[in-house]
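Here are my notes after a pass through the model, in numbered points. Have a look at the structure alongside them.

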Amino acid sequence: MNNQDLNGESIWSRTTEIPPRRPLPGDVTADAAVIGAGMAGMLTAFLLSRRGISVIVLEADRIAGGQTKNTTAKITSQHGLFYQKLIRTAGKERARLYASAGESAVEAFETLIREEQIPCHFKRLPSYLYSRDPARQADLEREARAASALGIRACFTGQTGLPFETVGAVRFDNQAQFHPLEFIKALADQVTVYEKTRVIRVKGHTVYTNRGTVTARHIIFATHYPFVNVPGFFFTRLHQDRSYCLGLSGAAPLDGMYYSVDRNGLSLRWNEDTLLLGGGSHRTGKNRAGGEYERLARAAKQLYPDCSITARWSAQDCMSHDGIPFIGSYCVFRPYWHVATGFKKWGMTSSMLSAMIIRDRICGLPNPYEELFRPQRFLLRASAKSLAVDLLESTAGLAKGAFHLPLRSRPLPKGHGGIVRIGFKRYACYRDDAGRLHRISARCPHLGCQLEWNGAEKTWDCPCHGSRFDCDGNLIDNPAQTGCGCSRQTAE
């Protein structure tokens, strides 16, 4: 295998360049302000502008510069082993609405792409949920029956087209895939976006940035993870997961999209001349040893001995406590604030749903899915276990170091990171290959949880809420709004 150009850039970023936009020029007003220029934010802005509403999009970095550029770009109502569970925990009517919402999002993408004549390699094809474990066959068969009963064209099949044996799969017909940055580039030509404009805080109808203010009747938070803690309290109901992807050349084409229900299973889809091989999912901040890319590379070599690795990148997903995204009012005390988050691993489908629901809320139009995705819902049967796990993780992250000093005081080996005691304080330290020690605060500036080393990507990740930083403390992923400070390099 040839590990060339493995710099963390996805195949989407490599093949599409979106022209830069200028920063916010000063204080402005609009009907709506969208915070975040990813897929959810850009779609929301575009649909609102179609209704004659003036919209401004504020982006801290570049259009589609966050999670959108790292998606595998599947547009599907197939969301893992989910429907049988959803029927059990939320009831059949809510499950039917969820299934209908996913199918309507796929249709909405196709309609928009056709109407706007967007060349983005949109293609309809089946999506498969598969397993190689005989113990999971019954689960797949039940999932097929559940999805079919909810109105989805789904069935259990023993034929998949994969280069290895399976015990079967659930086939969802007429799903879709596309090139997300080609699509969003076309939207950006019709939306006012200000890049390099970081939102610092939001108060009432005013958005404060490092470049000026935006006053708007409606404010939409499309920042992947909501960064305003109070009101809303989304940090109590969300955590984040990371997953990894390789781009392979020389592999055999596939005529569908594939997602495994097995532990350490693989996700596969074909794009033009590249196979996307994904996997290695874990809770953010829970992979100190690393090795996710190496494990994917070994799997690639077993399946496609003659292939070459041409790209590798990772993504981060917000996971809600009940498995249903939060779309709608940020909180009951801010009816003019709107939020879209908790998309799990299905960001493209959920982005379109968010755009349609928020558009209808602002325009005063009825939407059949609004109540299902309402952020203020509480489904006890669906939420209890996840809420308990998230509470435990947050408590553990906050408590670390509160009552004892770290044991590590010996020097770190090159290429490794760890929490180190220096004097009477704890620091997150990384020793690079040249022997320099990079020292930053061990605490996440979001809510103070202790950071954990990510050996796969050489970053510092927060296990509580998913903020991420490079070895010098620079912010990579929110909800933190600033770096974690105390950056210092020494030759220790």
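1. Let's start with helix 7, keeping in mind that this is a predicted model. Helix 7 covers residues 292-303, and at 1.5 Å a residue its twelve residues should span 16 Å. The C-alpha atoms at its ends are 17 Å apart, which agrees.

2. Which residues of helix 7 are buried? They are Glu292, Tyr293, Leu296, Ala299, Ala300 and Leu303. These buried residues cover an arc of only 120° around the axis, so they sit on the same side of helix 7. The spacing fits the textbook picture: an α-helix has 3.6 residues a turn, so residues three or four places apart point the same way.

3. What lies over that buried side, and what is on the other? The cover over the buried residues of helix 7 includes strand 11 (238-249), strand 14 (274-283) and strand 15 (308-320). On the other side of the helix, Lys301 and Gln302 are exposed.

4. Now the cysteines. There is one disulfide in the structure, and it joins Cys449 to Cys464, with 2.2 Å from S to S. The link between Cys449 and Cys464 is left-handed, at -100° about the S-S bond. Cys449 sits in the loop between strand 20 (437-441) and strand 21 (452-454), while Cys464 sits in the loop between strand 22 (459-461) and strand 23 (468-469), so the bond ties together parts that are 15 residues apart in sequence. Both Cys449 and Cys464 are buried.

5. Why is Cys307 not bonded to Cys245? The sulfur of Cys245 is the closest cysteine sulfur to that of Cys307, but it is 13 Å away, which is too far for a bond. Cys307 is buried as well, with a relative accessible area of 2%.

6. Cys444 is worth a look too. Cys444 is in no disulfide, and the nearest cysteine sulfur, that of Cys462, is 4.2 Å away. A disulfide needs the two sulfur atoms within 2.5 Å, so that pair does not count as one. Cys444 is buried, at a relative accessible area of 3%.

7. On to the rings: the structure holds 21 aromatic pairs. One of them is Tyr83 with Tyr98, an edge-to-face pair at 6.0 Å centre to centre and 70° between the planes. Tyr83 belongs to helix 3 (residues 83-90) and Tyr98 to helix 4 (residues 92-116), so this pair ties together parts that are 15 residues apart in sequence. Tyr83 counts as buried at 0% relative accessibility, and Tyr98 is buried with a relative accessible area of 3%.

8. Another aromatic pair is Phe221 with Phe227, which is tilted: the centres are 5.7 Å apart and the planes are at 55°. Both of these phenylalanines, Phe221 and Phe227, are buried. Follow the ring pairs and you get a cluster made up of Phe221, Phe227, Phe234, Phe326, Tyr330 and Trp337.

9. Last, two arginines over rings. Where does the charged end of Arg334 sit? It is over the ring of Trp337, 5.3 Å from the ring centre, and Trp337 is one of the residues in the cluster above. Arg201 has its charged end over the ring of Tyr208, 4.0 Å from the centre of that ring.

Conventions: Residues numbered from 1 in each chain as written. Predicted model: local features only at pLDDT ≥ 70, side-chain atom pairs only at ≥ 80, totals over all residues. Heavy atoms only, no water. Helix = DSSP H or I, 4+ residues; strand = E, 2+ residues; numbered from the N terminus. Buried < 20%, exposed > 50% of the residue type's maximum accessible area, 1.4 Å probe, protein only. Expected span 1.5 Å × (residues − 1). Arc of directions from axis to C-beta. Contact = heavy atoms within 4.5 Å. Phe/Tyr/Trp six-rings, centres within 6.5 Å; stacked < 30°, edge-to-face > 60°. Lys NZ or Arg CZ within 6 Å of the ring centre and 35° of its normal.
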